[in-house]
Amino acid sequence: MPELPEVEYTARQVRAVLVGASIAEAQVFWGRSIARPDPDTFRQEVAGRRIEGVRRRGKLLLLDLSGDYLLTIHRRMTGNLLVLSPGWRLDCQLLQQDRASWDRLGPAFVNEGYQCRCLEKQRGEQEETLCLLHDQPFYCRVCFTLADGRLLLYNDLRKFGKLALWPRTQEAEALAGLGLEPLDPDFTSERLAMLLQGKKRPIKQVLLEQTLIAGLGNIYADEALFAAAIHPLRRADTLSFDEVVALRQAIVAVLQLGIEHGGTSFNDYRGLWGEAGNNYAHMQVYQRTGQPCRRCGTAIQRMSIAQRSTHFCPHCQPISQSASSESCNQPSVVSRRITEV
C-alpha cells in the first residue's frame, strides 16, 4: 500500500505537470472505484473542471478543482496514477469480447506512433522513455481525458482504491479522522508523547493508527522503530521522553528518505510515469528477514503484530527499556539523517 512518501512523491509529480490542466471528460470502467457521488454524477461533475492545486493529507492525494470542488484519491493496496502523452487512445474491444476479462483488466491503450507501449517521462529539460511490454495490462479503472489531449489514468489491479468528489464545503468531512501530519511542524516530541499516553498496546500497533499519525504505514513504522532502537512490542506508554524524541526524529527521517528516493516499490507501486521507487535499497529491516543487520550483523527477525508483518533487529532493538547502544557504533543512513532533523 502506498504510504506517505509514495503519495507525497506522486503529489509532487502531479503538481509539476498537471496544475492548470482541464479535465475534458472522465470515463469510469469500474463503478466501485468511485466512492462518491455515483459514477454517472461523478463523470458529469468532474468534466470541464480545471486542476488548480495538488495536496496530500495522510495517504490521500487531493486535487483541488475549479468550482470549489475537491477530488480525493485513496490508492489503498495497488492504486497508481499514470499520465499518457497526447496520441494515446482507448481500446475497449475487450468489453464486447469477454466481459469477465474486461472487469479484471479494463481497457487497453493504443498509440500507433509507438512500436511498443512507451510512456514519455519528463525530468526537467530531459525526456526519457519507459517501454512497457505489449501484453502488460494497465488495470485502468478511471480515465480522465485532459483538454490538451493527455490522459490521466487511475490504475488499480486489486480494485480496493477509491476516488471521491466533494464540494469544498465538505472538506472537513472528507478528511475526518486523520491524525497529525508527521512532516508538519506541529508534530513535536511533546505532541507525540501525549499521543502515546495511556496506550498499553505495542508501539508498532499504535504507530499504524491513522487517527493518531496520518500517513505512517507498515514499512516506515518498522524502519522508524529500528532507527530509534525501540522494540516493536514495547508497550507504547512505557517509552521514556528521550525515546519519544528519538522516535519522532526517526519517523521524520525515514519518511524524508522515502520521498527523496521516490518511494518504496516491491510489486505494485509506481510513480506518475510508471517508474518504480528506489527506496527499497535503503531499507534497514523491512522485508530483510534472515539477512544480517546493517549495524550489528545479527539476523533480522520477523513477527506478526496486530496481523501486520513486522521486521526488527533483536540486538539493536532489545525488548527491555534499556537500549543496546554498543550495537550501534556504525550509524545507518537514517541514523545520520536523524542528527539533521
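Helices here are DSSP runs of H or I at least four residues long, strands are E runs of at least two, and both are numbered from the N terminus. With that in hand, here is a set of close-ups of what is a predicted model.

**View 1. The whole chain, before we zoom in.**
The protein chain has ten helices and 15 strands. Of its 341 residues, 53% are buried. Take the contacts between residues at least 6 apart in sequence: 64% of them join residues at least 24 apart.

**View 2. Asparagine 279, sitting in a loop.**
Look for asparagine 279 in the loop that runs between helix 9 (241–260) and strand 14. Is asparagine 279 buried or exposed? Its relative accessible area is just 1%, and buried means under 20%, so asparagine 279 counts as buried. Who keeps it company? Once its neighbours within four places in sequence are set aside, asparagine 279 is in contact with Tyr220, Leu257, Gly258, His261, Gly263 and Thr264.

**View 3. An open sheet of five strands.**
Read across this open sheet and the strand order is 2-13-5-4-3, with mixed pairing. Which strands are at the edges? They are strand 2 and strand 3 (51–57), each of which pairs on one side only. On average, neighbouring strands in this sheet are turned by 25° against each other, direction ignored.

**View 4. Strand 3 beside strand 4, with two helices.**
Strand 3 and strand 4 (residues 60–65) run antiparallel, and six bridges join them. To pick out one residue pair, find isoleucine 51: its bridge partner in strand 4 is leucine 65. Helix 1 (residues 4–18) lies across strand 3 and strand 4, and it runs at about 170° to strand 3. Helix 2 packs on the sheet too, touching strand 2, strand 4, strand 5 and strand 13 (162–167). The direction of helix 2 makes about 60° with that of strand 13.

**View 5. A cis peptide bond leading into proline 37.**
Check the bond from arginine 36 to proline 37: this peptide bond is cis, with omega near -10°. Where is proline 37? It sits in the loop between strand 2 (34–36) and helix 2 (39–46).

**View 6. Arginine 76, a residue with positive phi.**
Arginine 76 isn't a glycine, yet its phi is positive, near 50°. You'll find arginine 76 in the loop between strand 5 (69–74) and strand 6 (79–84). With a relative accessible area of 32%, arginine 76 is partly exposed, because that label covers values between 20% and 50%.

**View 7. Alanine 306, with a positive phi as well.**
What is the phi of alanine 306? It is about 55°, a positive value although the residue is not a glycine. The loop holding alanine 306 lies between strand 14 (301–305) and strand 15 (308–312). Its relative accessibility is 45%, so alanine 306 counts as partly exposed.

**View 8. Inside the largest pocket.**
How much space lies in the largest pocket? About 480 Å³. The lining of this pocket is made up of 23 residues. Nearest the centre of the pocket are Met1, Met77, Ile219, Phe266 and Tyr286. Sorted by type, the residues of the lining divide into nine nonpolar, eight polar and six charged.

Terms used:
Residues are numbered from 1 along each chain as its sequence is written. This is a predicted model: local features need pLDDT of at least 70, side-chain atom pairs count only at pLDDT 80 or more; totals for chains, interfaces and linings use all residues. Side-chain values use heavy atoms; hydrogens and water are left out. Buried means under 20% relative accessible area, exposed over 50%, partly exposed in between (1.4 Å probe, protein chains only). Two strands pair if DSSP finds at least two bridges between them. Axes are lines fitted to C-alpha atoms, for helices over the stretch in contact, and angles run from 0 to 180 degrees between N-to-C directions. Contact means heavy atoms within 4.5 Å. On a 1 Å grid over the protein atoms alone, a cavity is a set of points where a 1.4 Å probe fits but cannot get out, and a pocket is an open set with protein on both sides within 12 Å along at least five of seven lines; lining residues have an atom within 4 Å of a point. Grid points are joined across faces, edges and corners, and a volume is the space filled by probe spheres set on the points. Ala, Val, Leu, Ile, Met, Phe, Trp, Tyr, Cys and Pro count as nonpolar, Asp, Glu, Lys and Arg as charged, and the others, Gly among them, as polar.
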